[in-house]
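Here's a quick tour for anyone meeting this structure for the first time. Have the 3D view open as you read.

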Amino acid sequence: MAIVLTDLEIAELEKMANTLRQDVIRMTASVGQGHLGGPLGMAEVFSALYFKVLRHDPKNPDWGERSRFILSNGHICPVQYAALARSGYFPVEELTTYRKINSRLQGHPHVGSLPGIENSGGPLGQGISQAVGRALAALQAGWKHRVYCMTSDGEHDEGQTWEALLFAGSRHLRNLTVLLDRNNIQIDYHTERYIPLEPLVDKYHAFKWHVIEIDGHNVRQVVEACDHANDIFDGPTVVICHAIPGKGVDYMENDPEWHDSTLTSEQAEEALRNLRVVEDEIDRKIATLKGRVAA
Amino acid sequence: MIREDAHLVSNLFAEDLVKKATRDGYGEGLLELGGINNDVWALCGDLTTSTRAKAFAEAFPDRFVEAGVAEQNMAGIAAGLALEGKIPFASSFACFSPGRNWDQIRVSIAYSEANVKIASSHTGLEVGGDGASHQACEDIAMMRALPNFIVVAPCDAIETKKAVFAAAEHVGPVYIRFAREKTALFTTGKTPFEIGRAVTLTDGDDAAIIACGTMVYLSLLAAKSMFDSGMSVRVVDMHTIKPLDEEIVVKAASECGCIVTVEEHQVYGGLGGAVAEVLGREYPVPLEIIGVNDLFGESGKAAELWEKYGLTSTSIAKATKKAIKRKGAFGKRRAA
């Protein structure tokens with residue numbers, strides 16, 4: 001049955017996305033390094049995934065029936081760490097240990113270090129293959145859970161990505177959903193400048209994937225697209241999430257320079273101030289909606 | 001000379017000694033294992049006949065993944081299967097796996113401690129006609145450098161089969177290297193095999209030859225020829241290169257006073273390097289490293305290549321005599 005979200009639920013997911021953004025700013029500012037563009041751009045997607053789409057139990061991270069979530073573009077892990085902490089996998093205070101010595105929050109995720117992390121990642125292109133392996137194991141055993149994999153557009157320069165897409169399409173892996181962060185940047189430039197990925201939808205169709213394109217900043221569309229993918233039985237689905245890198249911090253938006261840059265404490269403060277303004281707006285919306293529900 | 005507890009075949013040096021390729025030991029072991037353990041999966045990159053994964057593929061199609069000519073994806077799929085509790089054996093030629101997919105093996109498998117077995121055929125020069133591109137002589141060095149990995153190079157088909165079972169028993173990443181050509185089948189079911197524990201095949205204290213893979217039998221031939229001329233040479237089957245059986249290396253150094261290593265692999269970074277690391281730290285003695293001498297191979301028959309590149313019982317015996325000679329002079333150059 002299709003998921004129907006109320007306006008209140010939408011507002012709460014938007015608020016969580018805002019919280020994740022603030023966490024990302026605090027984490028990277030605390031250590032003075034780390035990735036910003038991708039994590040900020042994927043805040044709505046991670047909010048929707050961890051607070052609506054994924055079946056998971058933070059108190060029992062190895063629950064057999066959980067949805068599997070593979071992060072292929074491991075560098076955007078700050079937003080995943082924030083989502084895990086806010087879900088209750090570990091204390092929120094631990095987020096500021098990101099990239100510091102003796103931390104469970106490695107610069108790129110390491111499976112086994114932190115509950116909720118399902119794969120080691122960072123070197124690009126490796127995630128979809130692992131998701132395929134998990135999907136094959138589930139299909140062979142008749143397990144019902146779904147396998148999700150987050151990838152980025154820049155990762156599509158890697159040959160392994162296409163090996164995995166070709167394999168998954170040919171094997172009709174119906175239990176696999178890939179979420180693609182289509183933010184049009186990579187480290188050196190915009191993705192279409194030297195090695196254009198377009199026409200991306202046609203490429204996926206040619207590889208026998210079902211394609212859904214959404215606004216990656218619209219939590220309702222993220223939830224509905226993931227829900228829709230459950231009803232596709234003849235193959236894997238890719239949800240192309242069009243997103244703005246650095247979303248929510250105006251001076252970072254759409255700028256490849258902010259893929260991985262150092263925040264000064266003034267810049268961090270300014271970003272958090274901006275985000276708190278948005279948070280206040282969402283809070284007022286939530287209060288109105290709750291009032292309406294109460295009335 | 002031959003140790004009884006090694007349980008080698010009785011006709012060890014006979015002309016009619018049976019020959020069998022180590023890749024056949026892999027195929028048979030994998031098939032048998034698949035029948036016993038439902039968690040065992042196999043993957044292959046378009047080489048099922050050559051790697052001998054075919055028998056498993058036909059017997060257990062629902063636990064076999066034909067990955068196509070895509071070794072990077074194959075390694076990743078294996079990691080995913082392992083993280084779901086399966087025991088995948090990813091099969092290919094060593095020039096492709098780990099040659100092509102070392103980064104995937106490093107991050108998706110080794111760093112994740114995924115319970116994947118990388119099983120690679122066509123190692124060494126004896127690949128033959130395919131030439132240097134396909135003669136993997138660098139794989140031990142590549143795999144030995146990876147944390148969490150066990151590296152095994154069995155000496156014959158029987159030992160390869162044992163290695164397959166031991167790899168499945170071990171929880172964690174294992175690399176098994178084997179080869180294409182038929183080579184002497186000289187161990188038996190009774191020959192001991194335990195990961196990390198080398199097997200001493202002959203007694204001797206003039207020199208010790210520590211060998212792995214296809215070179216173990218040639219080392220026995222070298223020891224035999226030296227024995228016939230009055231020298232006693234210890235031969236050790238160092239089937240596990242990582243973790244190296246350091247105890248047996250130090251014992252050999254202290255009791256024999258010199259060591260020769262032999263491998264069908266580059267002389268840098270392989271078994272010779274591993275033994276040198278232990279000797280340098282624990283018990284320095286003269287060491288001769290026999291292997292592919294920092295060169296690429298070429299097309300030819302296995303025997304011709306071994307001859308041309310110095311991997312024969314004669315060259316092993318020659319190096320062993322050199323090592324014995326060096327015993328007296330060892331350390332003096334520095335003192336002078």
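## A buried leucine early in chain B

B:Leu8 is buried, because 21 other C-beta atoms lie within 10 Å of its own, and 20 or more is what it takes to count as buried. Keep in mind that this is a predicted model. You'll find B:Leu8 in the segment before strand S1 (19-21) of chain B.

So what is B:Leu8 in contact with, once its neighbours within four places in sequence are left aside? The answer is B:Ile2, B:Phe186, B:Thr187, B:Thr188, B:Thr191 and B:Leu201. Take B:Thr187 from that list: it sits 179 residues from B:Leu8 in sequence, yet their C-alpha atoms are 4.6 Å apart in space.

## Two domains in chain B

Step back and look at chain B as a whole. It is divided into domain 1, made of 4-8 + 190-328, and domain 2, made of 19-184. Between the C-alpha centres of these two domains of chain B there are 25 Å.

How many residues does each domain of chain B bring to the contact? Domain 1 gives 31 residues, and domain 2 gives 31 residues as well. On the domain 1 side, the elements of chain B that supply two or more residues are helix H8 (215-228), strand S12 (240-242), strand S13 (259-266), helix H10 (271-282) and helix H11 (302-308). Sorted by class, that side of domain 1 has 15 nonpolar, eleven polar and five charged residues.

## A lysine in helix H12

Now hop over to B:Lys318, which belongs to helix H12 (residues 313-329) of chain B. Is B:Lys318 buried, exposed or partly exposed? It comes out as partly exposed, because 16 other C-beta atoms lie within 10 Å. B:Lys318 is 100 residues from B:Leu218 in sequence, and the two are 13 Å apart in space, C-alpha to C-alpha.

## Helices that cross in chain B

Next up is a helix pair. Helix H1 (residues 22-36) and helix H7 (residues 157-169) of chain B pack at an angle of about 40 degrees, and their axes are 7 Å apart. That angle makes H1(B) oblique to H7(B), and their crossing is right-handed.

On the H1(B) side, the contact is made by B:Thr22, B:Asp24, B:Gly25, B:Tyr26, B:Glu28, B:Gly29, B:Leu30 and B:Leu33. H7(B) answers with B:Ala157, B:Ile158, B:Thr160, B:Lys161, B:Val164, B:Phe165 and B:Ala168. By class, this contact has eight nonpolar, four polar and three charged residues.

## A helix pair in chain A

Chain A has a pair to look at too. Here helix H1 (residues 7-31) and helix H4 (residues 77-87) of chain A pack at about 120 degrees, with axes 9 Å apart. H1(A) is therefore oblique to H4(A), and the crossing of H1(A) and H4(A) is right-handed.

Which residues meet in this pair? From H1(A) come A:Met16, A:Thr19, A:Leu20, A:Asp23, A:Val24, A:Met27 and A:Thr28, and from H4(A) come A:Pro78, A:Val79, A:Ala82, A:Ala83 and A:Arg86. By class, the contact has eight nonpolar, two polar and two charged residues.

## Where the chains touch

Finally, put the two chains together: 24 residues of chain B are in contact with 23 residues of chain A. On the chain B side, helix H4 (71-83) and helix H5 (102-111) are the elements that give two or more residues. The largest share, nine residues, comes from H4(B). The residues on this side of chain B divide into ten nonpolar, eight polar and six charged.

Note on methods: Residues are numbered from 1 along each chain as its sequence is written. Chains are lettered from A and ligands numbered from 1 in the order in which they are written. This is a predicted model: local features need pLDDT of at least 70, side-chain atom pairs count only at pLDDT 80 or more; totals for chains, interfaces and linings use all residues. Domain bounds come from an automatic or database domain assignment. Two residues are in contact if their C-beta atoms, placed from the backbone, lie within 7 Å. Helices (H or I, at least four residues) and strands (E, at least two) are DSSP runs, numbered from the N terminus. Ala, Val, Leu, Ile, Met, Phe, Trp, Tyr, Cys and Pro count as nonpolar, Asp, Glu, Lys and Arg as charged, and the others, Gly among them, as polar. A residue is buried if 20 or more other C-beta atoms lie within 10 Å of its own, exposed if 12 or fewer, and partly exposed in between; C-beta atoms are placed from the backbone. Axes are lines fitted to C-alpha atoms, for helices over the stretch in contact, and angles run from 0 to 180 degrees between N-to-C directions. Angles under 35 degrees count as roughly parallel, over 145 as roughly antiparallel, 65 to 115 as roughly perpendicular and the rest as oblique. A crossing is left-handed if the near helix is turned anticlockwise from the far one by less than a right angle, and right-handed if clockwise.
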